[in-house]
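Open the model in your viewer and keep the selection box ready. This tour says what to select at each stop and what is found there.

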Amino acid sequence: MDGENEHNNISKELDVAVRVVQMACSLCQRVQDGMLHNNNNNRDHHHQQQINSKDDNSPVTVADWGVQATVSWILTECFGSENVSIVAEEDVQTLSKKEAAGLLESVVNAVNECLAEAPKFGLESPSKALESWEVLQAISRCNSDGGPKGRYWVLDPVDGTLGFVRGDQYAVALALIEDGEVIPGVLGCPNYPMKKQWLNYHQSYYRLMSKLSPPAAGSWDKGCVLYAQRGSGKAWMQALVHDHRKLDQHSYAREIKVSTIDDPAIATFCEPVEKTNSSHSFTAGLAESVGLRKQPLRVYSMVKYAAIARGDAEIFMKFARAGYKEKIWDHAAGVVIVQEAGGVVTDAGGRPLDFSRGVYLEGLDRGIIACSGSVLHDRIINAVDASWDSSNL
Ligand SMILES: Nc1ncnc2c1ncn2[C@@H]1O[C@H](COP(=O)(O)OS(=O)(=O)O)[C@@H](OP(=O)(O)O)[C@H]1O
Ligand SMILES: [Mg+2]
Ligand SMILES: [Mg+2]
Ligand SMILES: [Mg+2]
């Protein structure tokens, strides 16, 4: 099939990125399953350690650090440390504290367990398990500040950590930026099933699952990985896999496209779950004035971009409070995937997001609007202008 040929034609960078995101997804699933079990059974000291608060009160877990270490280690091995620079969300401050020894040990174990499986994903394992200092080094070498020149990877090890700790949606996001432009992007969505029978259904399903024993490895086909290469005009989705070697024989990448719906009356918009991350009242006003009739789909993480790229929803809007600066790792991978799947992504002024100015999306005008097509996109942009002054954002 075409899918396979095109898949074989992708760059080495995208190929490695897809594989390492697959690995990262299985690390996350293991940690999430472990957390949900602990939650139900006993609140021992391990559980106390599992969710940590950052300075801004947002959560960070073994999975966030574990994925950052794993991706950093694999990219460095594959491309050479002199060729790899990475912008990523987490640092080692908390982890390096004396009292965090147990937490660090959990991270090191998660990383080694994950790296040991690298051959299943067509990548190489370390010759022996990494020491704590090597894991810390892998995390802290993700210290690039981005910028307008050269090449750097952009990683959000766990996006939607809140969704993750709640047993809900989250994503692993990896992109490569070259001279300020996102080239390939990969989004791993471990709780977003290949088929559309999803999200609402998901929570109760997960609640039920967490009381049962974990499913046999490899039998749970509930996640997907999306990816795209800038300029190809194509975006792809593959199932979350536990053994890549088995899949290499198949044409396992399926092309995805945005929705063709451009009638607001039947369009679905998605937005962040938390009101603190995006004004629900402002988007409700917009929805009303544009004629969107369906209830908003509130979903954690960049799964919202995945939903647009796959055609499961038509609009994604995010209006953070004034003064909040969006970070490049929360958007880079999602934006290129949506665009290559046929969608349109801009700020609320209709300008493209500028990934070339460091860690933040500097100069972002009010909010982010991703749509399946320009008809809906134009309408939303116009509605923002019409209602902005009367809002108090
Ligand atoms: N105050 C505020 N306003 C806007 N955005 C914020 C804010 N604080 C954090 N963040 C970033 O939002 C990321 C999660 O966004 P979501 O769209 O998943 O939000 S939500 O959880 O569904 O409410 C989240 O990503 P992760 O930290 O990777 O989970 C943050 O980077
Ligand atoms: Mg994030
Ligand atoms: Mg994150
Ligand atoms: Mg975070």
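Start by selecting Asp-156 together with the magnesium ions, ligand 2 and ligand 3: Asp-156 bridges the two ions, which lie 3.6 Å apart. Keep in mind that this is a predicted model.

**Ligand 2**

Stay on the magnesium ion that is ligand 2 and show the side chains of Asp-156, Asp-159 and Asp-330. Each of these coordinates the ion through an OD atom, at 1.9 to 2.1 Å. Which spacing do the donors of ligand 2 follow along the chain? The pattern is D-x2-D-x170-D. Now colour the chain by secondary structure. Asp-159 belongs to strand β4, while Asp-330 sits in the loop between β12 (315–318) and α12 (332–340). The two residues are 171 residues apart, and the pair links distant parts of the chain.

**Ligand 3**

Move to the other magnesium ion, ligand 3, and select Glu-89, Asp-156 and Val-158. What does each of these protein donors offer to ligand 3? Glu-89 gives an OE atom, Asp-156 an OD atom and Val-158 its O atom, at 2.0 to 2.2 Å from the ion. Along the chain, the donors of ligand 3 follow the spacing E-x66-D-x1-V. Here too, distant parts of the chain are linked: Glu-89 is in the loop between β3 (86–88) and α5 (101–115), and Val-158 is in strand β4, 69 residues away.

**Ligand 1**

Next, select ligand 1 and show the residues around it. There are 19 of them, and those that come nearest are Val-273, Glu-274, Ser-301, Lys-304 and Asp-330. Colour this shell by residue type: seven of its residues are nonpolar, five are polar and seven are charged. Which strand gives the most to the shell around ligand 1? Strand β4 (residues 151–159) does, with three residues.

Now draw distances from the oxygen atoms of ligand 1. One runs to an N or O atom in the side chain of Asp-330, at 2.5 Å; Asp-330 was also a donor to ligand 2. Another goes to a polar backbone atom of Val-158, at 3.1 Å, and Val-158 was already seen as a donor to ligand 3. A polar backbone atom of Thr-161 is 3.0 Å from an oxygen atom of ligand 1. On its own, ligand 1 has 650 Å² of accessible area, and the protein covers 89% of it.

For the last stop, hide ligand 1 and turn on the protein surface. The space that ligand 1 takes up is the largest pocket.

Conventions:
Residues numbered from 1 in each chain as written. Chains lettered and ligands numbered in written order. Predicted model: local features only at pLDDT ≥ 70, side-chain atom pairs only at ≥ 80, totals over all residues. Heavy atoms only, no water. Near = heavy atom within 4 Å. Polar contact = N/O pair within 3.5 Å; in protein donor to acceptor, adjacent residues only side chain to side chain. Areas by Shrake-Rupley, 256 points an atom, 1.4 Å probe, with all protein chains shown as cover. 1 Å grid on protein atoms, 1.4 Å probe; cavity = no way out; pocket = protein on both sides within 12 Å on 5 of 7 lines; lining within 4 Å. Sits in = over half its atoms within 2 Å of the grid points. Helix = DSSP H or I, 4+ residues; strand = E, 2+ residues; numbered from the N terminus. Nonpolar A, V, L, I, M, F, W, Y, C, P; charged D, E, K, R; others polar. Donors = N, O, S within 2.8 Å, 3.2 Å for Na, K, Ca; no water.
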